[in-house]
Amino acid sequence: MRQSGATARRAPAHARLDTLYSVAEFRRRAKRALPPMVFDFIDGGAEDERTLRGNEQAFDDLWFRPQPLNDVSRRCQSVELFGRTLSVPVLLAPAGLAGLAWPHGEAVAARAASQAGVPFVVSTASSCSIEEVRAAAAGPLWLQLYLWRDRAVTGSLVRRAEDAGYEAICLTVDVPMSGSRERDLRNGMTIPPRIRFRNAAGVLSRPRWMARMAGAPVTFANVSDGGRGRTMALGAYVNSQLNPSASWDDLRWLRSAWPGKLVVKGVLDPNAACRLADEGADAVVVSNHGGRQLDGAVPAVRALPEIVDALGGRIPVLMDGGVRRGSDVVKALAIGATACLVGRPYLWGLAVAGEAGVSRVVGVLRDEIDRTLALLGTPSVGELVAQADRVLPGIGSTGGRAQGAAWEGRDRNAR
Ligand SMILES: Cc1cc2nc3c(=O)[nH]c(=O)nc-3n(C[C@H](O)[C@H](O)[C@H](O)COP(=O)(O)O)c2cc1C
């Protein structure tokens with residue numbers, strides 16, 4: 001495998017990764033490792049953060065009904081997606097500016113994903129270029145795109161992805177404009193990040209992060225001037241580039257411009273999911289952008305059953321938002337997802353220990369999925385879909401009744 005400067009940095013000896021047992025522990029360690037401004041950029045959501053919290057709570061509102069005395073001595077969690085076997089039913093979600101968590105963050109995380117046998121989705125807003133990530137990682141890569149004001153910009157990203165051997169384009173459709181992340185506004189978060197009066201104490205309190213980041217400037221490496229030479233509030237920069245008039249015509253144009261797999265991310269509505277399948281999408285990602293866009297949008301796992309039912313197996317359904325445990329992945333797969341994407345969990349791993357941190361987070365999820373399958377009495381994820389009745393909505397949980405109705409539909413379809 002090719003080496004790059006990105007991969008030369010190893011986990012510090014003090015990072016006793018084998019003593020971090022859960023994604024929640026990685027979050028706590030990331031909070032200590034990062035300046036508050038950077039931690040909040042990763043951790044935060046839009047406005048009152050209801051959807052951010054709702055994503056996790058919706059998983060908490062689902063309960064398992066394990067079956068006893070099934071032979072679970074041999075377990076398998078791998079899944080097939082677009083002709084590839086994913087050793088863990090997880091993908092690393094696109095996350096802009098991962099280079100704030102660790103120098104060359106996307107290249108480093110992509111390398112960990114490759115080694116774990118899972119795809120990495122490079123954000124358009126990444127701090128490493130499409131080509132730099134390809135050079136660092138041999139495994140499957142997807143490129144996440146927005147529809148830009150100028151089709152020529154989108155077209156050139158598509159061509160670069162094709163030239164670099166990316167396997168899929170992941171078109172994000174829930175960002176006609178940037179959501180309002182008030183933590184970023186309060187912290188004076190800009191691109192490139194600048195030390196100002198209101199964030200100076202926080203940045204200076206993390207000398208290890210400062211030392212690590214010296215010489216690794218963070219900009220948008222894939223777009224026009226990459227943000228160089230100007231300092232802009234993050235939301236303002238994103239809004240200046242996005243195209244709020246994007247429509248189904250643009251989707252059709254992209255479908256004709258990209259010969260590979262086209263995945264559409266940011267879908268919460270069953271009718272939209274069906275129309276996307278009609279228009280040639282190869283998969284959808286049920287997602288509310290990790291609660292960073294429309295606050296009040298339905299939690300992703302709660303939107304999942306109706307979308308799975310509506311699509312009826314025409315195309316794979318992926319989901320993200322709030323996955324913090326392997327048991328969450330198993331719940332999503334039992335409802336009918338093919339795999340889950342994770343965003344913050346791997347960014348926290350990256351912040352704690354770079355590539356080794358990301359590998360450990362994926363390893364924690366893998367072990368939790370394995371244990372959940374055994375305890376549930378289901379030896380392979382392939383059998384989960386036929387056993388949707390092993391996951392029950394919480395009795396008396398908020399919105400549980402509506403979800404219960406969708407579940408009943410799912411059960412009927414499965415049998
Ligand atoms: C710091 C950060 C940056 C993100 N940047 C992007 C992005 O550039 N493009 C995109 O489609 N989604 C982006 N997302 C959303 C993720 O792809 C994903 O939908 C979300 O993180 C899933 O929720 P989770 O963090 O609870 O796993 C970002 C998420 C975070 C936390």
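Here's a quick tour of a ligand shell, one helix pair and one aspartate. Keep in mind that this is a predicted model. Helix H16 (344-376) turns up twice: it gives two or more residues to the shell around the ligand, and it packs against helix H5 (residues 105-116).

**Around the ligand**
- The shell around the ligand has 24 residues, and the ones that come nearest are Ala93, Gly96, Ser123, Gly290 and Gly343.
- Two elements give two or more residues to that shell, namely helix H3 (36-43) and helix H16 (344-376).
- Sorted by class, the shell has eleven polar, nine nonpolar and four charged residues.

**H5 against H16**
- The axes of H5 and H16 are 8 Å apart, at an angle of about 15°.
- Angles under 35 degrees count as roughly parallel, so H5 and H16 are roughly parallel to each other.
- Their crossing is left-handed.
- On the H5 side, the residues in the contact are Gly105, Val108, Ala109, Arg111, Ala112, Gln115 and Ala116.
- They meet Tyr346, Leu350, Gly354, Glu355, Val358, Ser359 and Val362 in H16.
- By class, this contact of H5 with H16 has eight nonpolar, four polar and two charged residues.

**Aspartate 269**
- You'll find aspartate 269 in the loop between strand S10 (261-267) and helix H13 (270-278).
- Aspartate 269 has 15 other C-beta atoms within 10 Å, so it counts as partly exposed; buried would take 20 or more, and exposed 12 or fewer.
- Leucine 304 is 35 residues away from aspartate 269 along the chain, and their C-alpha atoms are separated by 9.1 Å.

Conventions: Residues are numbered from 1 along each chain as its sequence is written. This is a predicted model: local features need pLDDT of at least 70, side-chain atom pairs count only at pLDDT 80 or more; totals for chains, interfaces and linings use all residues. A residue is near a molecule or strand if its C-beta atom, placed from the backbone, lies within 6 Å of it. Helices (H or I, at least four residues) and strands (E, at least two) are DSSP runs, numbered from the N terminus. Ala, Val, Leu, Ile, Met, Phe, Trp, Tyr, Cys and Pro count as nonpolar, Asp, Glu, Lys and Arg as charged, and the others, Gly among them, as polar. Axes are lines fitted to C-alpha atoms, for helices over the stretch in contact, and angles run from 0 to 180 degrees between N-to-C directions. Angles under 35 degrees count as roughly parallel, over 145 as roughly antiparallel, 65 to 115 as roughly perpendicular and the rest as oblique. A crossing is left-handed if the near helix is turned anticlockwise from the far one by less than a right angle, and right-handed if clockwise. Two residues are in contact if their C-beta atoms, placed from the backbone, lie within 7 Å.
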